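Subject: Structure for your review

Dear colleague,

Please find below the structure that I should like to hand over to you. I would be grateful if you read the notes beneath it with the model open beside them.

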Amino acid sequence: MIGERIKRLRAQKGYSITELAELSNVSKSYLSYIERNLNKNPSIQFLMKVAKPLDVSIEYLLIGVDQIENQVDGDGEKILDKEWENIIEKAIKDGIGKEDFKEYINYIKFKIWEKNNKR
């Protein structure tokens, strides 16, 4: 659960709930609700704010994993297929910067997680 992950990470960092709320610029009461699993569907904005001081990705907060397995070549180098290269080149040509791209990725991950966790 997201709340349990946040609580565990907060404890590992040695932050009180008040400290993490201040570092994240989120409401202490809302953070407490999330940690106690009273609210199991936090917003993407909340996750972005909390992930930063905890030094984790939003993906980790959502599913407990930082990265999906990547394909590698014989030398252990990551392989980027041609379709991905084209998508990235088009995004760059369209003026999408790295930070914009990262935000889009986080938003998409959140929407996938939200879809998979609806009851």
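The notes below go from the whole chain to single residues.

**The chain as a whole**

Please bear in mind that this is a predicted model. The protein chain contains seven helices and zero strands, and the order of its elements from the N terminus is α-α-α-α-α-α-α. Of the 119 residues in the chain, 29% are buried. Among contacts with a separation of 6 or more, 57% are made by residues 24 or more positions apart. The accessible surface of the chain is about 8600 Å², and carbon and sulfur atoms account for 52% of that surface.

**Helix H2 and its neighbours**

Helix H2 covers residues 17–24, and its buried residues are Ile17, Leu20, Ala21 and Ser24. Where do these buried residues lie when one looks down the axis of H2? They fall within an arc of 100°, so they line one face of the helix. The packing partners of these buried residues are helix H1 (2–13), H3 and H4.

**An aromatic pair between H3 and H4**

Two aromatic pairs are found in a search of the whole structure. One of them is formed by Tyr30 and Phe46, whose ring centres are 5.0 Å apart and whose planes stand at 90°, an edge-to-face arrangement. This pair links distant parts of the chain, with Tyr30 in helix H3 (residues 28–35) and Phe46 in helix H4 (residues 44–54), 16 residues apart. Is each partner buried or partly exposed? Tyr30 counts as partly exposed because its relative accessibility is 25%. Phe46 has a relative accessibility of 3%, which is under the 20% cut-off, and therefore counts as buried.

**Salt bridges**

The whole structure holds six salt bridges, and three of them are described here.

- Lys109 and Glu59 are joined through their side chains, at 3.2 Å from N to O. This bridge links distant parts of the chain: Lys109 belongs to helix H7 and Glu59 to helix H5 (residues 58–63), 50 residues apart. Lys109 is partly exposed, at a relative accessible area of 27%, whereas Glu59 counts as buried, at 8% relative accessibility.
- Glu99 and Lys102 form a salt bridge of 3.5 Å, N to O. Both residues lie in helix H7, three residues apart, which is about one turn of the helix. Glu99 counts as exposed because its relative accessibility is 55%, while Lys102, at 46%, counts as partly exposed.
- Asp94 and Lys90 are also bridged, and their closest N and O atoms are 2.9 Å apart. Asp94 and Lys90 are both exposed.

**A nonpolar patch on the surface**

Which residues make the nonpolar surface patch of about 430 Å²? The patch is made by Tyr104, Tyr107, Ile108 and Ile112. Ile108 is found in helix H7, which spans residues 98–116. With a relative accessibility of 49%, Ile108 counts as partly exposed; the value is not over 50%, the cut-off for an exposed residue.

**Residues with a positive phi**

Some background is useful for this last topic. Most residues other than glycine have a negative phi. Three residues with a positive phi are listed here for that comparison.

- Asn25 comes just after H2 and has a positive phi of about 60°.
- Asn37, which is not a glycine, has a positive phi of about 60°. Asn37 is located in the loop between H3 and H4. Although Asn37 is in a loop, its relative accessibility of 18% means that it counts as buried.
- Asp55 is not a glycine either, and its phi is positive at about 60°. Asp55 sits in the loop between H4 and H5. At 56% relative accessibility, Asp55 counts as exposed.

**A suggested order for reading**

You may wish to begin with the buried face of H2 and the helices against which its buried residues pack, namely H1, H3 and H4. The pair of Tyr30 and Phe46, between H3 and H4, can follow. After that, helix H7 may be viewed through Ile108, through Lys109 with its partner Glu59 in H5, and through Glu99 and Lys102.

Yours sincerely,

A colleague

Methods: Residues are numbered from 1 along each chain as its sequence is written. This is a predicted model: local features need pLDDT of at least 70, side-chain atom pairs count only at pLDDT 80 or more; totals for chains, interfaces and linings use all residues. Side-chain values use heavy atoms; hydrogens and water are left out. Rings of Phe, Tyr and Trp (its six-membered ring) pair if their centres lie within 6.5 Å; planes under 30 degrees apart count as stacked, over 60 as edge-to-face and the rest as tilted. Helices (H or I, at least four residues) and strands (E, at least two) are DSSP runs, numbered from the N terminus. Buried means under 20% relative accessible area, exposed over 50%, partly exposed in between (1.4 Å probe, protein chains only). The arc is that of the directions from the helix axis to the C-beta atoms. Contact means heavy atoms within 4.5 Å. Accessible areas come from the Shrake-Rupley method with a 1.4 Å probe; for residues, only the protein chains shown count as cover. Patches are made of residues with over 30% relative accessible area and no salt bridge: like charges are joined within 9 Å, nonpolar side chains (Val, Leu, Ile, Met, Phe, Trp, Tyr) within 5 Å. A salt bridge is a side-chain nitrogen of Lys or Arg within 4 Å of a carboxyl oxygen of Asp or Glu.
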